[in-house]
Amino acid sequence: MRLTILPVLTCCLVGSSLQASAQQTSKPEPPTTLRAPSRAELLRGEYGRYRANNDLLHYDLDVRIDPDKKWIGGKNTVRFKMLKDDTRIQLELYANLHIDRITAPLKGVPYDLQYSRDVNTVYIDFPETLRSGRTYSIEFHYSGHPLEVGRFDALAFKKDPAGGHWINTANEGVGSSVWWPSKDQWRDEPDGMDIRVAVPNPLINVSNGRFMSKTDLGDGYTKWHYRVHYPINSYNVSVNIANYVHFGETMGDLTLDYYVLPANLEKAKKQFAQVRPMIEAFEKYFGEYPFTKDGFKLIEVPYSGMEHQSAVTYGNRFANGYLERDWTGVGVSLKFDFIIIHESAHEWFGNAVSAAEQSDMWIQEGFATYLECLYVEHVFGYDDALKYANGYKSKIGNKEPIIVQRGLARDPNQDMYFKGALFLHTLRSVVNDEKKWFKLIRDLYDQFKYKNSMTEEIVAFVNKELGQDLTPVFDQYLRRTALPVLELTFNDAEKLVWYRWRADERDFAMPIRVGDPAKWQTIQPSVDWKSMPWAASKESFKVATDLYYVNVAVLDAAGRPLPK
Ligand SMILES: [Zn+2]
């Protein structure tokens with residue numbers, strides 16, 4: 001009996017657990033803004049007292065990477081200025097990595113500092129009060145085996161197709177502290193940085209900034225030294241280790257350096273010809289490449305790509321489109337290499353102009369995606385750019401706001417890319433003056449470059465430059481879930497069309513072009529009903545929805561307000 005019953009029972013249990021897991025996997029993930037934050041996201045997200053009490057001046061990261069042991073060790077010398085008297089500062093290093101010692105010089109001798117750890121956060125205590133206005137420095141020694149986590153595995157120890165070591169970092173979202181001790185937040189950047197990475201011969205390392213030197217350490221390792229001459233987001237700091245081959249070119253004072261696996265050299269020489277027109281396009285709109293002292297690099301990696309400042313990483317298979325796909329599905333994407341254009345656009349928006357908090361990451365991604373459209377416009381013309389921008393509509397969810405809760409180390413949902421770009425596209429139509437629009441975005445870039453800013457500052461700048469208050473428009477697109485809906489109702493007897501915006505923002509008012517596409521009329525709808533003459537048919541009344549990202553609803557007679 002037992003023998004016959006048991007298999008049946010087991011079978012049922014297996015069956016039900018399979019069903020349960022199938023249900024679990026088919027259930028959609030809750031939107032990121034609705035998920036309860038983890039302690040790590042709170043600790044890393046909040047710009048609290050022990051971060052706000054100091055201002056980063058410089059990092060000198062000096063590490064050794066052992067590919068066979070998948071190990072990293074070394075130190076980061078952190079120089080900072082105190083903004084308030086205090087005895088403690090906050091840095092981050094993932095909990096799995098070992099802190100060897102943290103020291104500060106005391107009368108010229110390294111003094112061991114006390115510290116405590118809470119998840120990935122490290123609080124460092126000083127034996128005496130650090131004084132506001134004074135500059136200090138500490139050495140943070142660490143070692144261990146970094147976690148391969150996140151979208152691109154953070155610090156990933158991989159092999160190239162020829163069997164050689166291929167080690168790359170990409171840790172936006174996961175945080176810089178996944179592989180090096182740092183003030184792992186977005187608000188405060190050091191004014192510059194030195195990156196020194198020792199790797200086994202004959203591997204080479206390519207990092208951000210200007211190559212300074214390589215030193216044979218005599219123990220089978222060579223130390224590669226790069227210097228970053230500008231502020232840099234900590235998540236942008238990158239190492240790229242492989243048997244790379246190098247080629248390059250120059251554009252005036254700007255050096256363009258390319259590092260690829262030997263097998264891909266010829267393909268790269270062909271594909272990377274797109275770098276020069278890309279730089280020309282963005283320089284036309286926004287002025288000089290922002291990191292000339294460091295140069296521009298494109299470095300082959302095993303993942304799709306990342307905007308590492310002055311060391312953009314590339315894994316787009318040396319082909320046009322995005323991983324060989326027509327990314328926006330309207331026949332434009334296959335005309336250019338998505339990764340070269342998108343990731344390099346971040347040099348202007350993301351790296352030069354940066355959000356001060358992860359919650360406002362649309363400043364990075366919405367602008368970079370819009371810059372793709374500007375690139376298309378510059379190289380292929382306005383009609384392609386219009387098609388390309390509207391191709392992004394199919395990728396938008398409109399399920400949660402673009403700007404998410406502040407104080408959390410967590411990425412907003414992907415509407416920040418596509419809806420962010422279409423919002424800027426819409427804003428251009430709102431301005432409805434090409435000269436004014438291009439001046440506005442150029443001035444905005446100049447105003448915010450090399451700074452970390454919040455959306456409120458950008459909105460205030462735009463309002464001031466345009467001399468009108470567009471705050472409700474920004475708020476509807478960035479802080480609300482739903483698109484504004486242009487509601488229309490036709491009164492054939494009176495030959496009128498009534499219109500208004502349905503929006504969450506009570507003061508939402510946005511001009512829009514309607515009527516006959518051959519001679520658009522710009523109307524000024526608000527959330528109150530207004531009317532305009534329309535003698536032609538309901539069907540011939542059009543709304544310029546390729547210029548404004550909005551929804552349109554035609555209401556029946558019951559939706560129309562009573563005539564006065
Ligand atoms: Zn991006």
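This note walks through the fold of the chain above, point by point.

1. **Ground rules.** This is a predicted model, in which local features need pLDDT of at least 70 and side-chain atom pairs count only at pLDDT 80 or more, while totals for chains, interfaces and linings use all residues. Residues are numbered from 1 along each chain as its sequence is written.

2. **Overall build.** The chain has twelve helices and 29 strands; helices (H or I, at least four residues) and strands (E, at least two) are DSSP runs, numbered from the N terminus. Its radius of gyration is 27 Å, close to the 24 Å that the globule rule gives for 564 residues, so the chain is as compact as a globular protein of that length. For that comparison, the radius is taken over C-alpha atoms, and the rule is 2.2 Å times the number of residues to the power 0.38. The C-alpha trace spans about 90 × 85 × 55 Å along its principal axes.

3. **Burial and contacts.** Of the 564 residues, 40% are buried. Here a residue is buried if 20 or more other C-beta atoms lie within 10 Å of its own, exposed if 12 or fewer, and partly exposed in between, with C-beta atoms placed from the backbone. Among contacts with a separation of 6 or more, 68% are between residues 24 or more positions apart; two residues are in contact if their C-beta atoms, placed from the backbone, lie within 7 Å.

4. **The main core.** The largest nonpolar core holds 132 residues. Such a core is a set of buried Ala, Val, Leu, Ile, Met, Phe, Trp, Tyr and Cys residues joined through C-beta atoms within 7 Å. Val-197, Trp-348, Phe-349, Ile-363, Leu-371, Cys-373 and Ala-421 have the most contacts inside this core. Helix α7 (residues 362–380) gives the most to the core, with ten residues. If you would like one residue to click on, try Ile-363: leaving aside neighbours within four places in sequence, Ile-363 is in contact with Phe-349, Val-353, Ala-355, Thr-455 and Ile-458.

5. **Two helices that cross.** Helix α5 (residues 275–286) packs with α7 at an angle of about 105 degrees, their axes 10 Å apart. Axes are lines fitted to C-alpha atoms, for helices over the stretch in contact, and angles run from 0 to 180 degrees between N-to-C directions. The two helices are therefore roughly perpendicular to each other, a label that covers 65 to 115 degrees. From α5, Pro-277, Met-278, Ala-281, Phe-282, Lys-284 and Tyr-285 meet Leu-371, Leu-374, Tyr-375, His-378 and Val-379 of α7.

6. **The eight-stranded sheet.** An open sheet with mixed pairing runs in the order β5-β4-β8-β2-β1-β11-β14-β13; two strands pair if DSSP finds at least two bridges between them. At the edges stand β5 (109–112) and β13 (210–216), each with a single partner strand, so one side of each is left without a neighbour in the sheet. Neighbouring strands are turned by 20 degrees against each other on average, direction ignored. Within this sheet, β1 (residues 54–66) and β2 (residues 71–82) run antiparallel and are joined by twelve bridges, with Leu-61 opposite Asn-76 in β2.

7. **The five-stranded sheet.** A second open sheet, also mixed, has the order β16-β17-β18-β20-β19. Its edge strands, β16 (245–251) and β19 (305–306), each pair on one side only. Helix α6 (residues 338–345) packs on the sheet, touching β19 and β20, and its direction makes about 160 degrees with that of β20.

8. **Strand β18 up close.** Five of the five residues of β18 (residues 296–300) are buried, so this strand is largely enclosed by the rest of the structure. In a regular strand the side chains alternate between the two faces of the sheet. Here Phe-296, Leu-298 and Glu-300 point one way, and Lys-297 and Ile-299 the other. β17 (residues 254–260) runs parallel to β18 through four bridges, with Leu-256 partnering Phe-296 and Tyr-258 opposite Leu-298. Three bridges join β18 to β20 (residues 312–314), again parallel, and Ile-299 stands opposite Thr-313.

9. **Backbone spots to check.** Most residues other than glycine have a negative phi, and most peptide bonds are trans. A cis peptide bond joins Asn-201 and Pro-202, with omega about 0 degrees; Pro-202 lies in the loop between β11 (192–200) and β12 (204–207). Positive phi values appear at Leu-323, near 50 degrees, and at Glu-324, near 70 degrees. Leu-323 is in the loop between β20 and α6, as is Glu-324. Leu-323 is partly exposed, with 13 other C-beta atoms within 10 Å, and Glu-324 also counts as partly exposed, with 13 C-beta neighbours.

How values were computed: Angles under 35 degrees count as roughly parallel, over 145 as roughly antiparallel, 65 to 115 as roughly perpendicular and the rest as oblique.
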